[in-house]
Amino acid sequence: MSEMKKIKNLKEFSTSADRFEGANLLCPGCAHSIIVREILNATNDPLILSASTGCLEVCTAVYPYTSWDASWIHIGFENSSTAIAGAEAMYKTLKRKDRLPESCKGKSPKFVAFGGDGATYDIGFQWISGCFERGHDMMYVCLDNEVYANTGGQRSSATPIGASTTTSPAGRVSYGEKMNKKDMVQIMAAHGSPYVAQVAPNKWKDMIKKIQKGFATEGPVYINAMSACTTEWKFAPDDTIAVSDLAVDSLVFPLYEIENGTKLTITYRPKNKIPVRDYLGAQGRFKHLFKPEYEYLIDEWQKRVDDYWEYLQRREEAGV
Amino acid sequence: MKYLGWDELLPGAILFSFDEEMEKDAAEVLPENRPYAETNSYTAYVGDWRVLKPVYNRDLCIDCQFCWIYCPDVSIISRDKKMIGVDYDHCKGCGICVEVCPTNPKSLLMFEEQVENEKALAQWPEKE
Ligand SMILES: Cc1ncc(C[n+]2csc(CCOP(=O)(O)OP(=O)(O)O)c2C)c(N)n1
Ligand code: SF4
Ligand code: SF4
Ligand code: SF4
Ligand SMILES: [Mg+2]
């Protein structure tokens with residue numbers, strides 16, 4: 001185990017030398033890159049990274065350029081998890097046989113796979129599940145923007161009820177997505193993972209704490225990162241942090257962690273809880289919900305969020 | 001550099017971030033000291049994406065670093081815990097840095113791309 005990077009406050013953190021570069025082709029205001037910067041800057045250890053096909057991969061490896069200053073594997077939609085698990089397994093074996101090159105000795109590389117919600121909740125799910133069952137020492141980060149953004153905004157199983165997407169369009173006969181969002185954090189905890197957590201880029205301190213905890217944990221770690229998408233959620237690019245604040249303060253995205261499959265801890269309690277209505281109202285993808293015929297969905301949504309918050313609190317209290 | 005066509009690239013091809021090996025990991029080497037390769041997007045330019053640009057007013061800044069942490073495009077340059085300016089080669093003009101800046105008046109404001117920075121600074125608003 002190497003020493004943890006000391007990040008007492010934001011001033012100290014700002015002395016970090018980024019290993020993620022600009023002039024990538026992500027949209028102006030994209031939260032994916034804010035999340036990636038926070039995660040990469042949380043450690044000074046060598047990084048072995050991979051990304052599933054999606055906005056992050058496609059926009060940071062536009063030939064002839066790479067935006068990564070660490071080893072980074074460009075791979076298919078479904079298998080950023082297994083690519084990184086393979087690298088981790090090889091590293092372990094070479095270490096055990098004392099065959100690591102001199103320059104790699106005495107270091108503690110971190111193995112991190114990134115995937116969108118499409119890659120994570122749907123298409124790469126069985127690969128991730130396999131990695132977690134085998135117990136690789138890796139971190140899997142889902143950049144959860146609740147839609148297949150890179151291909152023009154199709155619904156995924158992370159898309160919440162009522163969101164209008166290109167394959168669940170709202171209109172005269174529909175209020176948009178009909179299915180409830182899959183609870184991926186609980187599913188990964190149920191794998192018995194030593195550490196799973198939900199994070200948001202606007203709460204950078206909470207993020208760094210969890211990422212460093214994840215890096216210090218041996219075994220497979222799952223991080224669900226809320227990633228507000230200016231293009232598909234339909235808000236102005238300068239509002240990315242404001243919309244993220246609404247998401248965590250309305251408890252639509254509660255911030256919590258689960259250790260060893262069961263021990264749940266809430267890590268952020270909003271001082272002023274904001275109505276879900278305010279979060280929905282800030283995004284074009286929910287615009288139609290404010291028509292009189294669909295407004296009952298906003299009340300249902302508020303109830304769902306309240307119930308889930310109740311449930312998280314009860315679990316935290318019971319320590320299970 | 002001669003670029004290969006996409007159909008000439010073989011699976012397993014490698015793009016290098018740096019031209020030579022560094023003694024330390026990049027995490028401990030500031031950008032100005034890195035031997036960036038031509039294939040690193042650091043050498044590319046996206047400034048022409050902007051319609052509006054953020055202008056920085058040093059006199060008002062309290063070096064809180066909110067702009068640094070929330071800039072998606074690594075375009076807020078901070079050294080020794082001080083904000084020192086905007087990297088206009090990589091800034092896409094999203095305006096997040098202006099939104100998160102807590103001073104009154106703000107230490108970062110958006111101006112039309114063609115307005116010179118000195119002129120922008122001369123017309124900075126008063127405290128609200
Ligand atoms: C097996 C496979 N199916 C479909 C695609 C096309 N595809 C590329 S990116 C993408 C969407 C990715 O969505 P998500 O994982 O949510 O990432 P995001 O772009 O939203 O960050 C799709 C469908 C593909 N590359 N490979
Ligand atoms: S579509 Fe959304 S996730 Fe993709 S680059 Fe744009 S803002 Fe980021
Ligand atoms: S406008 Fe956006 S890209 Fe440019 S410096 Fe500000 S936050 Fe960064
Ligand atoms: S957010 Fe504003 S006050 Fe804080 S460092 Fe940036 S420019 Fe200075
Ligand atoms: Mg997505």
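A residue counts as buried when its relative accessible area is under 20%. That cut-off is needed from the start, because eight of the 10 residues of helix α10 (residues 240–249) of chain A are buried, so the helix is largely enclosed by the rest of the structure. The model is predicted.

Take α10(A) as the entry point. Its buried residues are A:Thr240, A:Ile241, A:Val243, A:Ser244, A:Leu246, A:Ala247, A:Val248 and A:Asp249. The cover comes from both chains. From chain A it includes α2 (31–41), β6 (221–226), α9 (230–234) and α11 (276–281). From chain B it includes α1 (66–70) and α2 (96–100). After α10(A) comes A:Leu251, with a positive phi near 70°.

Now turn to the sheet of chain A. Eight strands build an open sheet with mixed pairing. Their order is β2-β1-β3-β4-β6-β5-β7-β8. The edges are β2 (71–74) and β8 (263–266) of chain A; each has a single partner strand, so one side of each is left without a neighbour in the sheet. From one strand to the next, the twist averages 15°. Strands of a sheet pair through backbone hydrogen bonds, either parallel or antiparallel. Both kinds appear here. Strand β3 (residues 110–116) of chain A runs parallel to strand β4 (residues 139–144) of chain A, and five bridges join them. A:Phe114 stands opposite A:Val141 in β4(A).

Strand β7 (residues 256–259) of chain A gives the antiparallel case. Three bridges join it to strand β5 (residues 195–199) of chain A. Four bridges join β7(A) to β8(A), again antiparallel. A:Glu259 has a partner in each direction: A:Tyr195 stands opposite it in one pairing, and A:Lys263 of β8(A) in the other. Side chains leave β7(A) in two directions. A:Tyr256 and A:Ile258 point one way, A:Glu257 and A:Glu259 the other, and all are buried. Three residues separate β7(A) from β8(A) in their hairpin, and A:Asn260 in the turn has a positive phi of about 50°.

Go back along the sheet to β6 of chain A, where A:Tyr222 lies. A:Tyr222 is buried, with a relative accessible area of 0%. Among its contacts are A:Thr120, A:Tyr121, A:Phe132, A:Tyr140, A:Cys142, A:Met184 and A:Tyr195. One of these, A:Phe132, belongs to the buried residues of helix α6 (residues 125–134) of chain A. The others buried in that helix are A:Ile128, A:Ser129, A:Gly130 and A:Cys131. Their cover includes α4 (80–96), α5, β4, α7 and β6 of chain A. A:Gly135 follows α6(A) and has a positive phi near 80°.

Next comes the magnesium ion, ligand 5. Its protein donors are A:Asp117 (OD), A:Asn145 (OD1) and A:Val147 (O), which lie 2.0 to 2.1 Å from it. Along the chain they follow the spacing D-x27-N-x1-V. A:Asp117 sits in helix α5 (residues 117–123) of chain A and A:Val147 in the loop between β4 and α7 (184–189) of chain A, so the pair ties together parts that are 30 residues apart in sequence. A:Asp117 is buried at 1% relative accessibility. A:Val147 is buried too, at 6%.

A:Asn145 also belongs to the shell of ligand 2. Others around ligand 2 include A:Cys27, A:Cys30, A:His32, A:Cys55 and A:Cys229. By class this shell has six nonpolar, four polar and no charged residues.

Chain B holds two further shells. Ligand 4 is surrounded by 13 residues, the closest being B:Cys61, B:Cys64, B:Gln65, B:Cys67 and B:Cys101. They divide into nine nonpolar, three polar and one charged. Around ligand 3 stand residues including B:Cys71, B:Asp73, B:Ile76, B:Cys91, B:Lys92, B:Cys94 and B:Cys97. That shell has seven nonpolar, three polar and two charged residues.

B:Ile76 leads into strand β2 (residues 76–79) of chain B. B:Ile76 and B:Ser78 point to one face and are buried, while B:Ile77 and B:Arg79 point to the other and are not. Four bridges join β2(B) to strand β3 (residues 82–86) of chain B, and the two run antiparallel. B:Arg79 has B:Lys82 as its bridge partner. Two residues lie between the strands of this hairpin, where B:Asp80 takes a positive phi near 50°.

How values were computed: Residues numbered from 1 in each chain as written. Chains lettered and ligands numbered in written order. Heavy atoms only, no water. Near = heavy atom within 4 Å. Nonpolar A, V, L, I, M, F, W, Y, C, P; charged D, E, K, R; others polar. Pairing = 2+ DSSP bridges. Axes fitted to C-alpha atoms, helices over the stretch in contact; angles between N-to-C directions. Donors = N, O, S within 2.8 Å, 3.2 Å for Na, K, Ca; no water. Buried < 20%, exposed > 50% of the residue type's maximum accessible area, 1.4 Å probe, protein only. Contact = heavy atoms within 4.5 Å. Lists of a residue's contacts leave out its neighbours within four places in sequence.
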